[in-house]
Structures are given as C-alpha cells and as structure tokens.
Amino acid sequence: DDLERRINDRAVRARRRITNLLEHAPTHRQSHLRCFVTHQYKVIPPTETSPLPASEWKLRIEGKLLIGHLDHESAEAYDRKTNYRAPNDDLDRSKGEKEEEEVLPIKFTHFFDKVEAQFQPIYSPKPNPMAAAMLKKKSPSNSKKRRSGGGKASAATDDEDFRRSLVVNPFTEGMSWKKSMSEDAHAFDLVYRAPPPHESRYQIHCVIAKVQLYPSTKEPLYKVVPALLEKIFPNHPSNEPPKPPPNATSSSNKKRPAPDEPPLPDIPTDPEIDIPETWTMSDLSMAFYHYIQENRLIDETNPSIVVCNETLQSLFHLERFSFAQLQSLLVQHDLIRQNPKHGVEPVRLTYIFKVANSINPPPPDGFSTNDDEDRIPALLQLDMDILVPSLFPFRCREILRRIKRRELEYTSSRTKGRYILMARKAKDEEDVKTMIEDVVAKEHLGRDVVAVQTALAKAAPPRTEARMVSYTDARLSLLMEKVEEECTEAQGKWHEYQQILSILEKASTPKDSRREPMDTS
C-alpha cells in the first residue's frame, strides 16, 4: 500500500509539472533557413500560331534548415525504443473534442505564407558574323588603344550602344501563391513562358524576375526608427552608410546622351537581395535588457525599475520607468512601427535568367532533405530567420493524452463490467460495485472472483492495458487456486513421508539400545 501511494503521488506531481510547463513553453523556436535559387531553360519550338521559337524558364527556390529537426529524430528514436504506436480509435475523444494534428517535420514551403513573382523578358539583336569581322578589321590595335587611352571609353560606348539596342518588355502581371492553395513541398517551382520576339532578328537575352517571399510569423513584426537604432544600437548594420553599387560611375565620367537618343534602359546586371530589418517584441525587450544591464541602469532598491540615462531620457522623456512599460513607451513615442498591410515585410529578390547559367539537366527533387549543399551551383543564396513549430508542447500533450486514455480504459471497463455482471446474476448494483472494488484493489484472488475479472476483461477495449491486466488477473486467480490445491496435496504427502520415515527409524533401532539402563545403586 505504501509503494502504491508513493507511485500515485509521483504520477500526480509529474502531471502537474507537465501542465505548468505547457503554460510557459513556446510553441515555436527560432531557426535559420538557407535558401538556394536556380533556374532551368528550355526552347519551345515554333507552332502554327507562333512561327518564332519561344522560351520556357523555371525558377526554383529551395532550401534547408541549418539546424535540422533534431527533436523529431530523438522522439522517433524514443518511440522505436519503447515500441510505442499511436492509438487508431477515438476512445479518448469526448463529444465535440478533436485531437490536435501531429507536428511533423516541416518542408520548405511551410515557412512562407505567400509568394509573388513578376517576369520581364529582354531581347537582343542576333549577332551578325560578317559585321563583326568587318568591325574587327577597322578597329585599331590594342597598342594604339593603350597609347591613345581610348580603350575604356570605347568599351563604355559599345556597352551603351548594346543596351540601347535591347528590346525591354514590361513586367508581366505576375503570379501569386498562398499556403492554402497547395500542400507543403520541398521547393517553389515558378514556370514562366516568355513570348517569342516580335522580329526574327532578335533573340532572348535574359529574363528579369522579381520575387517577394512573405515568411510565416506568429508574432507582430516592427520596424525600428533610425533615431532609436543610432542611440541604443550604434553598431547595428543599418547605421552604416550605403555602399555604392559596383557598376556605379561618377557623374563626370558619364556620357551625356544626345537629345535625339533614347535613354538607356534600367536593367540590373547582378542579382539583388533585400531582406527587411524587422524585430519582434521579444527581440526588442531582450536588446533593451542587455543595454540596461551593460549601463547599470537598474534601481538597486527595486529591480523592476529602470533609471534613465541621457539617452533614454531623450527617447522617453522620463527619469524612471518600469520595464513592464517598455512596449507601451516604444509605441507611444512612435519609436517602432508595425506594417499594417501584410503584418510582415517580404524578402525581395531580383534574379536574372540567362541561358549560359541555367542548370540542365535539372537537379533531383527533395534538396531540402539532403545534407549535400555543394551539388547545386546556386546563383543566389541567402539566409533568413524563420520560426519552426516546436515538438515539445505536442509531446507533453501527447503524454497527458496517454494518461487520460489509460484512465478512461479502466473506468469504461469497470462501468461496462458492472452491467455485464448485473445481467448475468441479477444482483444488486451496490453489491456488484463492492465486488468490482475488491477485485480492483486486489483484496483476494481465487475462483470466486474469476467471473468478475473476466467481465472486466470483456468490457475493456481490445488490445489495451486494461484488458490484458484483467485477463492476467483471471489466469492468476485460477493458477493460485491450483497452486493452493497442489500445496495442500504436497503438505499431505510430506506428512505421510515423515510418518513413514519415523516408522523406518524405529524399526532399524536395535532392541538392546532401546532397553533402559540398570540402576547399580
């Protein structure tokens, strides 16, 4: 009884601890996602409606977690070790209650709520071999170019002339994807079919793709105003002056176009990545906490009060404030701003399709599950912070459901077993309850309680612990009765053996040794 009481107390404490942990455990953990962008190219032959060949481009965006699903791997290993199988019936679900969906390892597209893309085809004149040969003959030698100093100028002029010869189509209406439109996959495949050139002397030069990725988020994201970054986070990368693009030239070196010449088309030459700098309230609170700790601004008498220095006074116009008021103070003084349109700023990518850097044949699917990063020569790579669903709350609730299921198995078997016994022997309900309580408490075992144990086993759900225990108890009761009979018979045989042994000892003793000694006195 003392052992059972201690086991029950320990189980109650464990259940209470799990419930308390669920109230504070985060549902998601922050991780890093590495994205890879590649493309493929395919020529579409001419048709009756389109006499010129077209081109089809496939943009693939895929990635993998830098820290994989280690919690899922450890949970699967533990389930294999304990040989656990999830229940396949609805025994532990009450009316109107639905069991939550299992937290599975996340695929790449699950980390995004929305994707938008636009494409812009650009065409260039086809090269003329005869004109190129004539131009090569007329061009001065390299030594003359170096002496005259006109090599760079002529190259810049040729580049401008080539850019003016390009035919730039406007951006298409684009395509949009939302998470509710499809199931999770390992990659985004955006297929764009560029229209054929309007003249046969042109060919496809490149395709500009502008993609917006909207990451999934569970917390509101805020933008921090520059004044707060300069004063509180002076070493933040946003405070650095913007670097000029590599192809930028000074205004004095630029050639002024003639009045009758068309302006140069604004075409990006390299891929671009624009990751917005956003903060969650948890990030802001942690950053302010470190700032307050480093500058020793905590009140010695009350640790929850912050004593403002000159920097904080210029921001909040207060001498002291409670750390719990930080969020309201930031919003009140317009130091952080939330994006009201989508709630999250997208990651903007500018990608350039070219025939020379396309990947043919395409790589196999499922790159997100492969650890080999070097097998895809991605032209564009980026890392971003994402939120991964945590497995810990689900596993804790799963443990509580197992406990609840086990209790329900035993409770339902006793209730149904009572009805079975009452239908068999038509006894009073209170007497049947008392019999079941005695059997459950293991007060005694024997043939007289086998009927009760069998009824409990039949009333329990199949392949459950309650049924196995009841059948084991019934077999044990029959076995104990047989053991008692065998023990009684063995004791009788042992008694007979002792009697026969004493008779044999008496028979083997000599008569002289049994005589009493004579009294010589």
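Is Glu345 buried or exposed? In this predicted model, Glu345 is buried, with a relative accessible area of 15%. The side chain of Glu345 nevertheless takes part in a salt bridge, and its partner is Arg348. The closest N and O atoms of this pair are 3.7 Å apart. Arg348 is partly exposed, at a relative accessible area of 34%. The two residues therefore fall into separate classes, since a residue counts as buried under 20% relative accessible area and as exposed over 50%, with partly exposed in between.

The setting for this pair is a protein of 521 residues, of which 31% count as buried. The chain is arranged into 14 helices and 15 strands. Contacts between residues with a separation of 6 or more are for the most part long in sequence terms: 81% of them link residues 24 or more positions apart.

The strands may be taken next. In general, strands of a sheet pair through backbone hydrogen bonds, either parallel or antiparallel. One open sheet in this structure consists of four strands in the order β6-β2-β1-β15, with antiparallel pairing. Its edges are formed by β6 (187–194) and β15 (380–389), each of which pairs on one side only. On average, neighbouring strands of this sheet are turned by 25° against each other, direction ignored. Within the sheet, β1 (residues 28–44) and β2 (residues 54–65) pair in the antiparallel sense over 12 bridges. One point on this ladder can be located by residue: Thr38 has Arg60 in β2 as its bridge partner.

Another open sheet has three strands, in the order β10-β8-β13, and its pairing is likewise antiparallel. Here the edge strands are β10 (279–280) and β13 (336–338), each pairing on one side only. Strand β8 (residues 221–224) is joined to β10 by two bridges, and the two run antiparallel. Among the residues involved, Leu221 has Thr280 in β10 as its bridge partner.

Attention now turns to a pair of helices. Helix α11 (residues 429–440) and helix α12 (residues 450–459) have axes that come within 10 Å and cross at roughly 85°. This crossing makes α11 roughly perpendicular to α12, because angles of 65 to 115 degrees are placed in that class. From α11, the residues Met435, Ile436, Val439 and Val440 meet Val452, Gln453 and Leu456 of α12. By residue type, the contact of α11 with α12 comprises six nonpolar residues, one polar and no charged.

Charged side chains provide a further set of links. Across the whole structure, a search finds 17 salt bridges. In one of them, Glu407 is joined to Arg15, with the closest N and O atoms 2.5 Å apart. Glu407 lies in helix α10 (residues 392–425) and Arg15 in helix α1 (residues 2–24), so the pair ties together parts that are 392 residues apart in sequence. Both members of this pair are partly exposed: Glu407 has a relative accessible area of 40%, and Arg15 stands at 33% relative accessibility.

Helix α10 also holds a salt bridge within its own length. Glu398 is paired with Arg402, the closest N and O atoms being 4.0 Å apart. Both residues lie in α10, four residues apart, which corresponds to about one turn of the helix. Glu398 counts as buried at 10% relative accessibility, whereas Arg402 counts as partly exposed at 28%. Elsewhere, salt bridges that share partners join Lys42, Glu56 and Arg193 into one network.

The final stop is a cysteine. Where does Cys308 lie? Cys308 is placed in the loop between β11 (305–307) and α8 (310–316). At 8% relative accessibility, Cys308 counts as buried. Leaving aside residues up to four places away in sequence, Cys308 touches Gln313, Leu318, Glu319, Arg320 and Phe321. Of these contacts, the one with Arg320 can be described by distance: Cys308 and Arg320 are 12 residues apart in sequence, and their C-alpha atoms are 5.6 Å apart in space.

Note on methods
Residues are numbered from 1 along each chain as its sequence is written. This is a predicted model: local features need pLDDT of at least 70, side-chain atom pairs count only at pLDDT 80 or more; totals for chains, interfaces and linings use all residues. Side-chain values use heavy atoms; hydrogens and water are left out. Two strands pair if DSSP finds at least two bridges between them. Axes are lines fitted to C-alpha atoms, for helices over the stretch in contact, and angles run from 0 to 180 degrees between N-to-C directions. Angles under 35 degrees count as roughly parallel, over 145 as roughly antiparallel, 65 to 115 as roughly perpendicular and the rest as oblique. Contact means heavy atoms within 4.5 Å. Ala, Val, Leu, Ile, Met, Phe, Trp, Tyr, Cys and Pro count as nonpolar, Asp, Glu, Lys and Arg as charged, and the others, Gly among them, as polar. Buried means under 20% relative accessible area, exposed over 50%, partly exposed in between (1.4 Å probe, protein chains only).
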